Amino acid sequence: MARKKKITKKFIKKSAKAHPQEELLLQPLRGTRDILPQEQPYWQQIRRVSEKAAADFGYQRIDVPILEYSNLFARSVGEGTDIIEKEMYSFQSRGGEKVSLRPEFTAGVARAYIQNGMNVLPKPVKLYYIGPCYRYDRPQAGRFREFFQFGCEAFGEQDAILDIQMIQMAWRILYLLGIRNAKVHVNSIGCPACRKNYRNLLVRYFESKKQKFCFDCKRRLETNPLRILDCKEDKCVQVAAGAPQSFDHLCDECRTHFKEVLEYLEELEIPFELDPGLVRGLDYYTKTVFEIYSESPEDAKNSALGGGGRYDGLVKTLGGENTPAVGFAIGMDRVAAEMKKLGARAYREPKPRVFLAQLGGLAKKKSLKMFEALERAGIMIAESFGRGSLKSQLKVADRLGVEITLILGQKEAIDETVIVKDMTSGNQEIVDAARVVDEVKKRLKK
Ligand code: HAM
C-alpha cells in the first residue's frame with residue numbers, strides 16, 4: 001500500500017517554490033462558458049423534448065467517450081476538412097497516444113456500433129446521444145469551442161424513408177420547442193461513384209475561375225473542391241452560383257433515392273428548399289444531406305440549428321461491415337438561443353406545495369427526518385432551515401405560494417406533533433407527527 005506523505009511545513013515551502021504564483025484567470029477559456037441556473041430551463045426543455053422524441057421514434061441512448069484516438073476522427077470526418085485540419089483539440093496523452101476531444105458524435109457512435117457487435121441486432125439499430133463537443137473555431141455569435149449536441153443515428157437501413165424520418169424528427173423537436181419557423185435545406189451529394197464524376201466537372205469549372213477565389217478556396221481546389229460550394233466569402237459565393245449542381249449529375253440509384261426523399265418531404269408538409277450549395281463540412285456523407293435553419297429574417301445563413309445526412313460508407317471505412325446509415329444532430333446552444341429570442345416556453349420546475357418551518361434546537365433536528373418522509377412520499381416540499389426566525393421562514397413560504405405550511409416548534413418536537421397551517425384559510429391544526437404524510441396528502445388531494 002502507498003504510504004501517505006505527511007504534509008509538513010517543509011513540504012509546503014518546497015511545493016510553493018516549485019510552483020511560483022501564476023496569474024489566476026477567473027474566466028473560462030475563450031469559446032467556452034458557464035450555463036447558469038437561469039439559462040437551465042431552456043436546456044432542460046431541450047433535453048426533455050429531444051429525449052421524449054427519441055423514445056417515441058424508437059431510439060436508445062448511447063454515451064461514447066469525449067476523448068478518442070485522433071485517427072478515428074481523421075478517418076471519419078476526413079483529413080481535408082476544416083474540422084480536422086484546423087479545429088480539433090488534439091494532444092498526446094501521458095502514455096504517448098494521440099487523442100482528441102470529439103468534434104462531433106457520429107464517428108464515436110459508429111466506432112461503438114462496430115466494436116460492440118451491434119451489427120447482429122435487428123436493423124435498423126437506432127441510437128441517440130446528448131453531450132458536449134469541441135471545435136477550435138473562431139468564436140462568434142452561435143459558435144462556441146465547447147458546444148452541445150443532441151443527435152440520432154440509425155444503422156443498417158438504406159431506404160429513403162429513414163432519411164426522411166431523421167428530418168421529420170429534427171424538425172418536430174424544433175417545432176415542439178417553439179421554433180415554428182424552421183426550414184429544411186436539402187441536397188444530395190451522391191455516392192462515391194457519381195461524386196467522382198461530379199467532382200471532376202466541378203474542378204474543371206473552378207479551374208477557370210481560380211484567380212477569383214479566397215485563399216482557403218485556392219487550397220480547397222486541390223484538397224476538397226466540393227467545400228468551395230459552402231464557402232461564405234462573397235467572391236467564392238459568386239463563383240459557386242454558376243457551378244454545376246450535384247443533383248443534376250447523380251447516378252440512377254442516387255437520383256431515385258433523392259426523388260423519394262423529396263416526395264416524402266412534400267408528403268410531410270415540412271417547409272424545405274433544394275439547396276445545391278449544401279455540401280456539409282464532413283466527408284463521410286453520401287446521398288442525402290440536410291441542414292435546418294430558423295427563418296427569422298436576422299438569422300445569418302451560417303447558423304444552422306441542426307444538420308445531418310446519410311453516410312453509407314463510414315462503418316465500412318472504419319473496419320465494419322458494409323452498413324448504410326443516416327443521422328442528424330442539433331446544436332443545443334443555438335436552439336436555446338433561438339428559443340429565448342422567440343420567447344418560447346422554457347421548462348418550469350414543478351412548484352413546491354408544502355413548506356416546513358422549524359423553531360428551536362430539537363425541532364431543527366427532527367425537521368430533517370420529517371422533510372425526508374414527505375419528500376419520499378413524492379410531495380413537493382420546500383424549507384429554509386438556515387433561517388433562525390419563524391417569521392422569516394414564513395415569509396419564504398408566502399413567497400413560494402405553497403398551499404400548506406408545517407410548523408415544528410419546541411413544544412411540538414417534544415409532543416411528537418406538528419402544526420399544519422392551511423395557507424388559504426389561515427386555519428391551523430395540531431396533528432401527530434407520525435400522521436403528517438397522510439394528513440398532507442389528504443389535504444393536497446382536496
Ligand atoms: P454539424 O453540422 O457539424 O454536424 O453539427 C450539427 C449542429 O451542431 C450544427 O447544425 C450546429 O447547430 C451545431 N454546431 C456545430 N458546430 C458548432 C459550434 N462551434 N458552436 C455551436 N454549435 C455548433 C455534425 O456534427 C454531424 N455529426 C451530424 C450528423 C449526425 N450527421 C449524421 N449524423
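## Helix α10 and the sheet

In this predicted model, helix α10, made of residues 252–268, lies across four strands: β7, β8, β9 and β10. Strand β10 covers residues 306–310. The direction of α10 makes an angle of about 165° with β7.

These strands belong to an open sheet of eight strands, in which the pairing is mixed. The order across the sheet is β1-β5-β6-β11-β10-β9-β7-β8. Its edge strands are β1 (60–61) and β8 (272–274), and each of them pairs on one side only. Helix α5 (residues 106–115) also packs on the sheet, where it touches β5 (125–134) and β6 (146–155). The direction of α5 makes about 40° with that of β6.

## The pairing of β7 and β9

Inside the sheet order, β9 and β7 stand next to each other. Strand β7 spans residues 182–188 and strand β9 spans residues 286–294. The two run antiparallel and are joined by seven bridges. In this pairing, Val-184 stands opposite Ile-292 of β9.

## The hairpin of β15 and β16

Strands β15 (residues 417–422) and β16 (residues 428–432) pair in the antiparallel sense, over five bridges. Ile-419 has Ile-430 of β16 as its bridge partner.

Between the two strands of this hairpin there are five residues. In the hairpin, Gly-426 takes a positive phi near 85°.

## Where α2 crosses α12

Helix α2 is formed by residues 40–56 and helix α12 by residues 332–342. Their axes come within 10 Å and cross at roughly 115°. The crossing of α2 past α12 is right-handed.

On the α2 side, the contact is made by Tyr-42, Trp-43, Gln-45, Ile-46 and Arg-47. On the α12 side, it is made by Met-332, Asp-333, Val-335, Ala-336, Met-339 and Lys-340. Sorted by type, the residues of this contact of α2 with α12 are seven nonpolar, one polar and three charged.

## Around the ligand

The ligand is surrounded by 26 residues. The closest of these are Glu-104, Glu-153, Arg-280, Tyr-285 and Ala-304.

Nitrogen atoms of the ligand take part in several polar contacts. A polar side-chain atom of Thr-106 lies 2.8 Å from a nitrogen atom of the ligand. For Tyr-284, a polar side-chain atom lies 3.0 Å from a ligand nitrogen. With Phe-328, the atom concerned is a backbone N or O, and the distance to a nitrogen atom of the ligand is 3.3 Å.

Key:
Residues are numbered from 1 along each chain as its sequence is written. This is a predicted model: local features need pLDDT of at least 70, side-chain atom pairs count only at pLDDT 80 or more; totals for chains, interfaces and linings use all residues. Side-chain values use heavy atoms; hydrogens and water are left out. Two strands pair if DSSP finds at least two bridges between them. Axes are lines fitted to C-alpha atoms, for helices over the stretch in contact, and angles run from 0 to 180 degrees between N-to-C directions. A crossing is left-handed if the near helix is turned anticlockwise from the far one by less than a right angle, and right-handed if clockwise. Contact means heavy atoms within 4.5 Å. Ala, Val, Leu, Ile, Met, Phe, Trp, Tyr, Cys and Pro count as nonpolar, Asp, Glu, Lys and Arg as charged, and the others, Gly among them, as polar. A residue is near a molecule or strand if one of its heavy atoms lies within 4 Å of it. A polar contact is a pair of N or O atoms within 3.5 Å; within protein, one must be able to donate a hydrogen and the other to accept it, and residues adjacent in sequence count only if both atoms are side-chain atoms.
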